[in-house]
Amino acid sequence: EEFETSTRKHKKKDKESVMEHDSSPKQLPDTASMRYVSCAACQREFFIPISFKGAHPRCKQCVSSGAKSSKQVQSFSALQPEGEIHSCLLGTDKVEVRYRIIGEPDGIPLIMTPGGQNSGVDHVGFLNTATRLAHQHRFRVLLHDRVNTGASSFYIGSVLRDRSKSRSEEDCPCGGEPELQAYFLRELMRNVGFTPAYFWGSSSGSRMSIILAAMYPSEVKGLVLSNITGGAKAAQQLSHSYHKQHALACKGGGMQAVCNQDHFRKMIALRPATAAELEATRAEDFVAAFETWTAFLEARKGQPIVGVSLETLASVKQPSFVVNDYGDRNDGMHTPAAAQALAKGLGNCKRCVVERSNQVWHKLAIQFLLECVKSDQGVITPGLQSEVGGGAQARVDDAVLGAGPEDAVAMLKVDDDAAALDSKQGSEEGKKARRRGGRVQGSGWAGNS
């Protein structure tokens with residue numbers, strides 16, 4: 001008891017901050033209040049509270065064994081964001097897109113895009129991962145703000161053009177917003193010498209990456225696709241939050257009401273010129289564009305993946321790695337069933353992983369990318385078996401890849417039923433229904449433990 005008291009006093013006086021936390025994937029806390037770091041002694045990755053301010057956190061095992069922090073080994077989340085922020089004007093309409101590049105000029109080109117309508121340039125989680133990939137695996141990472149998000153331009157011009165004329169690959173698309181964003185990302189890639197490249201997306205970032213791979217296959221070498229959305233609930237909620245609510249606001253209060261919407265207020269705060277772009281837009285043009293984009297998502301609510309048809313999925317022949325890390329936090333949109341449907345529908349998916357722990361699936365995804373890089377044409381060897389350090393095992397569903405995309409629709413129907421049960425009969429029944437629907441015969445996948 002006296003020794004323990006002395007040890008506690010010593011730790012308080014120690015100049016080097018120490019954080020004890022069990023890094024076991026089975027006891028991972030709610031990541032909403034946590035951040036993901038590497039142990040300063042052994043480099044094991046684990047979660048610590050966001051409020052922790054120490055520069056050199058150590059995992060529980062290193063604290064117990066007395067292992068000292070190495071000044072040469074830092075938590076990658078403590079690294080300062082690298083790469084200066086730039087912007088360039090793209091297309092005939094000179095649309096401004098903001099971007100940041102992290103890594104050496106001779107690094108492996110990788111484009112990372114977060115989910116929602118979030119800024120890619122300022123996204124803390126993606127900045128941390130990009131910095132680690134650049135330092136540890138020699139990737140050269142491009143982060144950007146998609147058109148109509150962050151500090152990039154507000155733009156709807158292509159939607160208003162005459163669709164009856166013939167269009168080529170060089171024309172800006174006039175369909176859904178993800179197509180528009182994919183077009184300007186391709187223009188940015190050409191502008192900064194980032195083509196072809198590998199892609200790493202989350203949720204809406206995954207959707208845009210898939211569409212870009214289908215539109216411009218020569219620009220994409222491989223894809224890591226996490227937390228894709230699927231099902232009727234996702235189509236309804238996303239079409240409303242991304243587009244329909246803004247069209248309704250415009251109808252009720254004109255462009256001034258649009259400027260007061262939360263999403264556009266954030267854009268204006270990051271880039272004041274966006275306010276002038278919005279004010280210069282006619283209300284009827286804004287409504288027409290956003291209703292077109294609403295219809296683009298709603299029309300595909302019967303498809304397994306929101307905003308992407310089965311034909312588009314099948315046309316994506318680049319090697320792909322699919323993951324869902326929501327697990328039992330299932331929100332009815334980012335579902336394991338959607339991930340499995342995506343894996344079935346893609347033309348060349350190599351692996352589908354359902355894994356709650358970020359440190360596990362990140363290692364698998366990085367290994368997948370490195371295997372792609374090593375091979376002659378960016379195609380990994382079929383049946384690649386990945387090993388995870390520390391004895392952790394990911395729940396990997398390879399059998400799901402043997403079925404065709406038609407089976408995916410029924411899978412999503414089961415998941416929509418589960419979402420309904422969540423609200424009507426309680427979350428436990430919904431989880432059971434999802435587990436029954438998510439299991440593929442002979443796959444060995446049983447959800448998240």
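Visitor: Which residues have the most contacts inside the largest nonpolar core?
Guide: This is a predicted model, and its largest nonpolar core has 58 residues. Nonpolar side chains tend to be buried together in soluble globular proteins. Here the residues with the most contacts inside the core are Leu185, Leu188, Phe199, Phe286, Phe290 and Leu342.

Visitor: Which helix gives this core its largest share?
Guide: That share is 8 residues. They come from residues 177-192, that is, helix α4.

Visitor: And what does leucine 188 touch, not counting residues up to four places away in sequence?
Guide: Leucine 188 is among the residues with the most contacts inside the core. Setting aside residues up to four places away, its partners are Cys88, Leu90, Val97, Tyr99, Leu142 and His144.

Visitor: Is strand β7 largely enclosed or not, and how many of its residues are buried?
Guide: Phe199, one of the core residues with the most contacts, points one way from β7 along with Ala197 and Gly201. Tyr198, Trp200 and Ser202 point the other way, and all of these residues are buried. So β7, residues 197-202, is largely enclosed by the rest of the structure, with a buried count of 6 of 6.

Visitor: Which residue in β8 is the bridge partner of glycine 201?
Guide: Let's look at both pairings of β7. Strand β5 (residues 108-113) runs parallel to β7 and is joined to it by 4 bridges, and methionine 112 stands opposite tryptophan 200. With strand β8 (residues 220-226), β7 pairs in the parallel sense over 6 bridges. There, glycine 201 is partnered by leucine 225.

Visitor: What hand does the β-α-β unit made by β7, α5 and β8 have?
Guide: The strands β7 and β8 pair in the parallel sense. Helix α5, residues 204-215, completes the unit with them, reaching 16 Å from its first C-alpha to its last, close to the expected 16 Å. The β-α-β unit is right-handed.

Visitor: How many of the 12 residues of α5 are buried?
Guide: The buried ones run through Ser204, Gly205, Ser206, Arg207, Met208, Ser209, Ile210, Ile211, Leu212 and Ala213. The helix is mostly covered, and the count is 10.

Visitor: Which backbone oxygen does the side chain of serine 204 reach?
Guide: Serine 204 is found in helix α5, and its relative accessible area of 6% makes it buried. Beyond its neighbours within four places in sequence, serine 204 is in contact with Pro114, Gly115, Gly116, Arg146 and Tyr242. At 2.7 Å, its side chain reaches the backbone oxygen of glycine 116.

Note on methods:
Residues are numbered from 1 along each chain as its sequence is written. This is a predicted model: local features need pLDDT of at least 70, side-chain atom pairs count only at pLDDT 80 or more; totals for chains, interfaces and linings use all residues. Side-chain values use heavy atoms; hydrogens and water are left out. Helices (H or I, at least four residues) and strands (E, at least two) are DSSP runs, numbered from the N terminus. The expected span of a helix is 1.5 Å times one less than its number of residues. Buried means under 20% relative accessible area, exposed over 50%, partly exposed in between (1.4 Å probe, protein chains only). Two strands pair if DSSP finds at least two bridges between them. A crossover is right-handed if, with the strands pointing away from the viewer, the path from the first strand over the helix to the second runs clockwise. A polar contact is a pair of N or O atoms within 3.5 Å; within protein, one must be able to donate a hydrogen and the other to accept it, and residues adjacent in sequence count only if both atoms are side-chain atoms. Contact means heavy atoms within 4.5 Å. A nonpolar core is a set of buried Ala, Val, Leu, Ile, Met, Phe, Trp, Tyr and Cys residues joined through side-chain atoms within 4.5 Å.
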